[in-house]
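The exercises below are meant to be worked with the sequence and the structure side by side. Each task is followed by a solution that proceeds step by step.

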Amino acid sequence: MLNGSRANPDIKPEESIGYETGFTIQKSSSMIEHQVELSHYNYTIKNWILWIPYAFYFKSENIEKVQNYGFEFLYNLSYNLKNIKLQSNASYSYTRTFYI
């Protein structure tokens with residue numbers, strides 16, 4: 001047992017193929033800056049390693065194939081005063097994973 005886990009001699013390494021794409025839009029004035037980022041990703045993973053909790057340990061098993069996709073959104077707002085810069089950030093992430 002290692003760190004509450006039991007070794008699985010039959011475990012296979014994960015293999016994945018996928019892509020991620022996105023863009024950034026910025027707009028600035030002398031006092032205010034806006035920045036918006038949006039990205040999308042999609043991955044297919046073979047031999048995905050799943051950690052399953054048991055009574056006092058975790059066991060690893062391979063899942064044959066999964067699909068993982070989602071998007072991320074980020075918004076930054078900066079307000080520049082004479083000697084002070086105020087900055088605010090907001091983000092949202094959506095992820096979906098399922099067996100295929």
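A residue is called buried when its relative accessible area is under 20%, exposed when that area is over 50%, and partly exposed in between. The model is a predicted one, and the burial classes used below rest on these cut-offs.

**Exercise 1. Establish how strands β2, β3, β4 and β5 are paired and joined.**

Solution. Begin with β2, which covers residues 15–28, and β3, which covers residues 32–53. These two strands run antiparallel and are joined by 14 bridges, and a hairpin of 3 residues leads from β2 to β3. A convenient point for checking the register is Thr21, which stands opposite His40 in β3.

Continue with β3 and β4, which also pair in the antiparallel sense, here over 21 bridges. The connection from β3 to β4 is a hairpin through 4 residues, and the register can be checked at Ile32, which has Tyr79 of β4 opposite it.

Finish with β4 (residues 58–80) and β5 (residues 85–99), whose antiparallel pairing extends over 15 bridges. Here too the strands are joined by a hairpin, which passes through 4 residues, and Tyr69 faces Arg96 of β5 across the pairing.

**Exercise 2. Classify the aromatic pairs Tyr54–Tyr57 and Tyr69–Phe98, and state the burial class of each partner.**

Solution. A search of the whole structure gives 5 aromatic pairs. In one of them, the ring centres of Tyr54 and Tyr57 are 5.4 Å apart and the planes meet at 15°, so this pair is stacked; the cut-off that decides the matter is a plane angle under 30 degrees. Tyr57 has a relative accessible area of 19% and is therefore buried, whereas Tyr54, at 39%, is partly exposed.

The pair of Tyr69 and Phe98 is edge-to-face, with 6.1 Å from centre to centre and 75° between the planes. Because Tyr69 belongs to strand β4 and Phe98 to strand β5, the pair ties together parts that are 29 residues apart in sequence. Both partners are partly exposed: Tyr69 has a relative accessible area of 27%, and Phe98 has one of 29%.

**Exercise 3. Identify the residues that make the nonpolar surface patch, and relate the patch to the strands and to the aromatic cluster.**

Solution. First list the members: Phe23, Ile25, Leu38, Phe71, Phe73, Tyr92 and Tyr94 make a nonpolar surface patch of about 630 Å². Next assign them to strands, where one finds that β2, β4 and β5 each supply at least two residues, while Leu38 has its place in strand β3. Leu38 has a relative accessibility of 33% and so counts as partly exposed; membership of a patch requires a value over 30%.

Then compare the list with the aromatic rings: Phe71, Tyr92 and Tyr94 form one aromatic cluster, and these three residues are also named in the patch. For the spacing of such positions along a strand, it helps to recall that in a regular strand the side chains alternate between the two faces of the sheet.

**Exercise 4. Describe the salt bridge and the side-chain contact made by Gln67.**

Solution. The structure has 1 salt bridge, which is formed by Glu61 and Lys59, with the closest N and O atoms 4.0 Å apart. Glu61 is partly exposed, at 29% relative accessibility, and Lys59 is likewise partly exposed, at 31%.

Turn now to Gln67, which lies in strand β4 and, with a relative accessibility of 15%, counts as buried. Its side chain is joined to that of Thr44 by a polar contact of 3.2 Å.

**Exercise 5. Which residue that is not a glycine has a positive phi of about 60°, and is that residue buried or exposed?**

Solution. As background, most residues other than glycine have a negative phi. The residue sought is Asn47, whose phi is positive, at about 60°, although Asn47 is not a glycine. Asn47 is found in strand β3, and its relative accessible area of 10% means that it is buried.

Notes
Residues are numbered from 1 along each chain as its sequence is written. This is a predicted model: local features need pLDDT of at least 70, side-chain atom pairs count only at pLDDT 80 or more; totals for chains, interfaces and linings use all residues. Side-chain values use heavy atoms; hydrogens and water are left out. Two strands pair if DSSP finds at least two bridges between them. Rings of Phe, Tyr and Trp (its six-membered ring) pair if their centres lie within 6.5 Å; planes under 30 degrees apart count as stacked, over 60 as edge-to-face and the rest as tilted. Buried means under 20% relative accessible area, exposed over 50%, partly exposed in between (1.4 Å probe, protein chains only). Patches are made of residues with over 30% relative accessible area and no salt bridge: like charges are joined within 9 Å, nonpolar side chains (Val, Leu, Ile, Met, Phe, Trp, Tyr) within 5 Å. Accessible areas come from the Shrake-Rupley method with a 1.4 Å probe; for residues, only the protein chains shown count as cover. A polar contact is a pair of N or O atoms within 3.5 Å; within protein, one must be able to donate a hydrogen and the other to accept it, and residues adjacent in sequence count only if both atoms are side-chain atoms.
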